[in-house]
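Student: Could we go through this model together? I would like to see how each label is earned.

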Amino acid sequence: MNIINFTPVSAFLGGTLIGLAVVLFFVLNGRLIGISGIASNFLTSKVNRVDNLLFIVGLIIGPILYKFFTSQEINISIPNSFYLLAVAGLLVGVGTRISGGCTSGHGISGVGRFSLRSIVATVTFMIVGILTVWVKNLI
Amino acid sequence: MGKKFNMSKIISLICGIIFGIGLTISEMIDPAKVLGFLNIFGEWDPSLAFVMIGALIIFSPLFHLFQNNKKPIFVDKFSYSNNKELNKKLIIGSSLFGAGWGLAGLCPGPAIASLALLNLNSVNFVIFMFIGFYLSKLLDLTTQAR
């Protein structure tokens, strides 16, 4: 194993902001953030629909504000295959709804409150994610 | 009711913004960074683990401090699932999610945040993710819990 591109400081700082958002949302609005829950409930439920929409809008405005105030470009590279993204999107959409959470809902909100269920979910999606990348690199 | 009603909406927007900036600073908005983390058998980028640690160091102690509060500040009651069931759905769902996550390097938060960059590939992913949300609801597969 070689370690490359490791950015512990910015990763940790960004992580604390994410943690702060989850705390504020909990103490002020009484809910625990899980992005798959917020986004899917916005689509399929009338309960808290405006709140959920505004959260999603904020999530998109965040990077724009960062870019505006720091004048730094945000570079990302996403796989360029329509079919791969379609299959991946479907798997992520269906999978997070069947298990009731994603990286934020299970991985942060759930693990942070020591929910065994969320710890099991997080370990499972990490292992399957690692295996998927491993198989993909073999092909 | 009136004033508090509006405050929860403003808080939702602000929390979304803070979360989105966190994803940007930590570079988790970039699928290449996430795939680097999952590539543990190849060239490994451990950064994602530090994002989780940073988030949990802030969230976990404060959650335990505030969880016994009578009520949240801007709404009438706390509402979050306390589902403790360890079942097949949890494992199957998490496995499907993990497979999609490993294929594209995108999970729901970064996928939505990356729409800010007007990247057609993220639009493509997000549309199919929402189709997945809708299908789960339609087929009654949903677990409303974490």
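Tutor: Happily; the questions below take one label at a time, and please keep in mind that this is a predicted model.

Student: Let me start with the outline of chain A. What is the pattern of chain A along the sequence?

Tutor: Chain A has 6 helices and 1 strand, and they follow the order β-α-α-α-α-α-α. Its C-alpha atoms fill a box of roughly 45 × 40 × 35 Å along the principal axes. Of the 139 residues in chain A, 55% are buried.

Student: Why is A:Ser71 called exposed?

Tutor: Set the count against the cut-off: a residue is exposed if 12 or fewer other C-beta atoms lie within 10 Å of its own. A:Ser71 has 7 other C-beta atoms within 10 Å, so A:Ser71 is exposed. You will find A:Ser71 in the loop between H3 and H4 of chain A.

Student: And what makes the phi of A:Ser71 worth a remark?

Tutor: Phi of A:Ser71 is near 55°, which is a positive value in a residue other than glycine.

Student: Where is B:Leu118, and how do you know whether B:Leu118 is buried or exposed?

Tutor: B:Leu118 is in the loop between H5 and H6 of chain B. The cut-off for exposed is 12 or fewer, and B:Leu118 has 8 C-beta neighbours inside 10 Å, so B:Leu118 counts as exposed. Phi of B:Leu118 is also near 55°, a positive value in a residue other than glycine.

Student: Now a helix. What makes helix H2 of chain A mostly covered?

Tutor: Helix H2 of chain A spans residues 35-44, and 8 of its 10 residues are buried. To be called buried, a residue needs 20 or more other C-beta atoms within 10 Å of its own. The buried residues of H2(A) include A:Ile35, A:Gly37, A:Asn41 and A:Phe42.

Student: Which elements do the buried residues of H2(A) pack against?

Tutor: Within chain A they pack against helix H3 (49-70), helix H4 (82-99) and helix H5 (105-112). From chain B, helix H5 (108-113) and helix H6 (120-138) join in.

Student: So chain B matters to that picture. How many residues of chain B are in contact with chain A?

Tutor: The contact joins 111 residues of chain B with 109 residues of chain A. H1(B) gives the most to the chain B side, with 17 residues. By class, that side of chain B has 68 nonpolar, 32 polar and 11 charged residues.

Student: Why are strand E1 of chain A and E1(B) said to pair?

Tutor: Pairing asks for at least two bridges between the strands. Strand E1 (residues 2-3) of chain A and E1(B) have 2 bridges, so they pair, and the sense is parallel. In E1(B), B:Trp44 is the bridge partner of A:Ile3.

Student: Last topic: which domains does the assignment give for chain B?

Tutor: The domain assignment gives domain 1 (1-79) and domain 2 (83-146) of chain B. Their centres, taken over C-alpha atoms, are separated by 17 Å. The contact takes 10 residues from domain 1 of chain B and 8 residues from domain 2 of chain B.

Student: Which element supplies the largest share of the domain 1 side?

Tutor: H2(B) does, with 5 residues. The side of domain 1 of chain B that touches domain 2 of chain B has 9 nonpolar, 1 polar and no charged residues.

Definitions and conventions. Residues are numbered from 1 along each chain as its sequence is written. Chains are lettered from A and ligands numbered from 1 in the order in which they are written. This is a predicted model: local features need pLDDT of at least 70, side-chain atom pairs count only at pLDDT 80 or more; totals for chains, interfaces and linings use all residues. Helices (H or I, at least four residues) and strands (E, at least two) are DSSP runs, numbered from the N terminus. Two residues are in contact if their C-beta atoms, placed from the backbone, lie within 7 Å. Domain bounds come from an automatic or database domain assignment. Ala, Val, Leu, Ile, Met, Phe, Trp, Tyr, Cys and Pro count as nonpolar, Asp, Glu, Lys and Arg as charged, and the others, Gly among them, as polar.
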